[in-house]
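This report looks at how aromatic rings and helices come together in one protein chain. Please keep the sequence and the structure in view while reading.

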Amino acid sequence: RMLYNAVRLDSSIRYMLFFFLYGFQIFVSAVAVLGFSGGGFAGWITAFATMEKNKVLGVLGILNSLAWCANCLIAVYLIMQIHKTYRSTGQSMEKASGEFAASAGSSRSFGQAVLRSL
């Protein structure tokens, strides 16, 4: 939905928000691929540690790790394709910061929040 709104409104701010949130999702997927013990993900580290104790659970952990690897690789591929589209439409970081400054300056609630924080 965020990507749809960014394309429909031709908004650099929405693209940047999408890239930030999707980048965070890729980071979480990469952590899940590794699967640190006690982290809540059954990645490679957890799968091989479990393999010594229980072969069946180790194999399930490896299958889970492969699924997380596929998820992470597909997400990286998709964000690369979306970034290519983003750059081909003439969007840039400078345009996003300009849009943010213009929208923040025109927003009365944003201005009041800034004044309250001072």
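In this predicted model, Phe18 and Tyr22 are both buried. Because these two residues stand four places apart in helix 2, about one helical turn separates Phe18 from Tyr22. Their rings form a stacked aromatic pair, with 5.3 Å from centre to centre and 15 degrees between the planes. Ring pairs also bring in Phe19, so that Phe18, Phe19 and Tyr22 are linked into a cluster.

A second stacked pair is made by Trp44 and Phe48, whose ring centres are 5.9 Å apart and whose planes differ by 20 degrees. Here too the spacing is about one helical turn, because Trp44 and Phe48 are four residues apart in helix 3, which covers residues 44–51. Trp44 counts as partly exposed because its relative accessibility is 24%, and Phe48, with a relative accessible area of 46%, is likewise partly exposed. The count of aromatic pairs in the model comes to three, and the two stacked pairs described above are set out in the table.

| Aromatic pair | Centre to centre | Angle between planes |
|---|---|---|
| Phe18 and Tyr22 | 5.3 Å | 15 degrees |
| Trp44 and Phe48 | 5.9 Å | 20 degrees |

The next topic is the packing of two helices. Two packed helices are described by the angle between their axes and the distance between the axes. Helix 2, formed by residues 12–34, packs with helix 4, formed by residues 55–88, at an angle of about 160 degrees, and their axes are 9 Å apart. Since an angle over 145 degrees counts as roughly antiparallel, helix 2 is roughly antiparallel to helix 4. The crossing in which helix 2 passes helix 4 is left-handed.

On the side of helix 2, the residues that make this contact include Phe18, Phe19, Tyr22 and Ser29, while those on the side of helix 4 include Trp68, Asn71, Cys72 and Tyr86. Taken together, the residues of the contact between helix 2 and helix 4 comprise 18 nonpolar and five polar ones, with no charged residue among them.

Is Ser29 of this contact buried or exposed? Ser29, which has its place in helix 2, counts as buried because its relative accessibility is 2%, a value under the 20% cut-off. Leaving aside residues up to four places away in sequence, Ser29 touches Trp68, Asn71 and Cys72, and these three residues are among those that helix 4 brings to its contact with helix 2.

Terms used: Residues numbered from 1 in each chain as written. Predicted model: local features only at pLDDT ≥ 70, side-chain atom pairs only at ≥ 80, totals over all residues. Heavy atoms only, no water. Axes fitted to C-alpha atoms, helices over the stretch in contact; angles between N-to-C directions. Parallel < 35°, antiparallel > 145°, perpendicular 65-115°, else oblique. Left-handed = near helix turned anticlockwise from the far one by under 90°. Contact = heavy atoms within 4.5 Å. Nonpolar A, V, L, I, M, F, W, Y, C, P; charged D, E, K, R; others polar. Phe/Tyr/Trp six-rings, centres within 6.5 Å; stacked < 30°, edge-to-face > 60°. Buried < 20%, exposed > 50% of the residue type's maximum accessible area, 1.4 Å probe, protein only.
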